[in-house]
Amino acid sequence: MRKIITWVVAIAFAATALIFFYFQQNNSKSKANTGEGNRIEQSTAVDPEKLLDGIDESKLFAVTRRTEGGAVTVDAAFLNILKPEEKDLIFYVTLNTHTVDLSSYDIAKIAVLSNGSKTVNQGFTWRAISDDGHHRSGILTIKNDGLFNNNTGFLELNLQTIGAIPDRKFKWDKSDWKK
């Protein structure tokens, strides 16, 4: 039974990644044709397409954490583990449901990040990749203002009040980035 669940989760994650790449490619073409691309690129330092380039799906899956509840599944991947050259802290977040309207959640405002000694709940930026009411994905970033370095023991991202669940905590510890 566990093998079946593992395969279902792996397939669901792979499908989410493929959908992400499809929407990102079409979204980029659309913006290039309308002239919007330059304005949007200037408004954010993160280009999701470049961040995910060259990342193997199995490696992305290994740094992804999941919570389920309130009819919503939320996945978060700490991309700095795979892209250590990035200066800002970067998370790839997906939200999926069939019953809850996800469009009302301002991901940047409900995010809290902690390393045990410092907690930050402001200064996040959300760049949507897919933003419909039942399937959302995007890149959540925050400046690395002493939150994460080689001496950090763990990092915990909390997305609050999604699907009536007060706290959705995603945790990565030193063993995740010291491999």
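These are my notebook entries on a sheet, its aromatic neighbours, a pocket and two loop residues in a predicted model.

**Entry 1: the sheet**

I began with the strand order. I found 5 strands forming an open sheet in the order 1-2-3-7-6, with antiparallel pairing. The edges are strand 1 (64-69) and strand 6 (125-131), and each of them pairs on one side only. I also looked up the twist: neighbouring strands of this sheet are turned by 20 degrees against each other on average, with direction ignored.

**Entry 2: strand 3 and its partners**

Next I followed strand 3, which covers residues 89-97. How many bridges join strand 3 to strand 7? I noted 8 bridges, in the antiparallel sense, with strand 7 running over residues 135-142. Going through the register, I saw Y92 opposite I139 of strand 7 and V93 opposite G138 of strand 7. For T94, the bridge partner in strand 7 is S137.

Then I turned to strand 2. Strand 2 and strand 3 pair in the antiparallel sense over 7 bridges. Here T94 came up again, as the strand 3 bridge partner of D75. I can therefore step across from D75 to T94 and on from T94 to S137 in strand 7. A reminder to myself: in a regular strand the side chains alternate between the two faces of the sheet.

I checked the burial of strand 3 as well. The strand is mostly covered, with 8 of its 9 residues buried.

**Entry 3: strand 7 and the hairpin**

Is strand 7 largely enclosed or largely open? I counted 7 of its 8 residues as buried, so strand 7 is largely enclosed by the rest of the structure. Strand 6 pairs with strand 7 in the antiparallel sense over 6 bridges. The two strands form a hairpin, and 3 residues lie between them. I noted A128 opposite G138 in strand 7. G138 had already turned up opposite V93, which gave me a handy place to look at both sides of strand 7.

**Entry 4: aromatic rings**

A pair of aromatic rings is described by the distance of the centres and the angle of the planes. My count came to 6 aromatic pairs. In one of them, the rings of F78 and W172 have their centres 5.7 Å apart and their planes at 45 degrees, so I logged the pair as tilted. This pair links distant parts of the chain: F78 sits in strand 2 (residues 72-78) and W172 in strand 9 (residues 165-173), 94 residues apart. F78 counts as buried at 0% relative accessibility, and W172 counts as buried at 0% too.

I then opened the pair of F148 and W177. It is edge-to-face, with 4.8 Å centre to centre and 85 degrees between the planes. Where in the chain are its two members? I located F148 in the loop between strand 7 and strand 8 (154-162) and W177 in helix 6, 29 residues apart, so I noted this pair too as a link between distant parts of the chain. Buried means under 20% relative accessible area. F148 has 17%, so it is buried, and W177 at 15% counts as buried.

Both pairs belong in one picture: F78, F91, F148, W172 and W177 form one aromatic cluster.

**Entry 5: the second largest pocket**

W177 led me on to the second largest pocket, because W177 is among its lining residues. The volume is about 150 Å³. Which residues line it? I listed K59, A62, V63, R65, I81, L82, D176, W177 and K179. By class, the lining has 5 nonpolar, no polar and 4 charged residues. Helix 4 (57-62) and helix 6 (174-177) each supply at least two residues of this lining.

**Entry 6: two positive phi values**

Last, I checked the backbone. Most residues other than glycine have a negative phi, and most peptide bonds are trans. A71 has a positive phi, near 65 degrees, and is not a glycine. I found A71 in the loop between strand 1 and strand 2. At 47% relative accessibility, A71 counts as partly exposed.

A164 is another non-glycine residue with a positive phi, about 65 degrees. I placed A164 in the loop between strand 8 and strand 9. Is A164 buried or exposed? I noted a relative accessible area of 72%, so A164 is exposed.

Notes. Residues numbered from 1 in each chain as written. Predicted model: local features only at pLDDT ≥ 70, side-chain atom pairs only at ≥ 80, totals over all residues. Heavy atoms only, no water. 1 Å grid on protein atoms, 1.4 Å probe; cavity = no way out; pocket = protein on both sides within 12 Å on 5 of 7 lines; lining within 4 Å. Points joined across faces, edges and corners; volume = space filled by probe spheres on them. Helix = DSSP H or I, 4+ residues; strand = E, 2+ residues; numbered from the N terminus. Nonpolar A, V, L, I, M, F, W, Y, C, P; charged D, E, K, R; others polar. Pairing = 2+ DSSP bridges. Axes fitted to C-alpha atoms, helices over the stretch in contact; angles between N-to-C directions. Phe/Tyr/Trp six-rings, centres within 6.5 Å; stacked < 30°, edge-to-face > 60°. Buried < 20%, exposed > 50% of the residue type's maximum accessible area, 1.4 Å probe, protein only.
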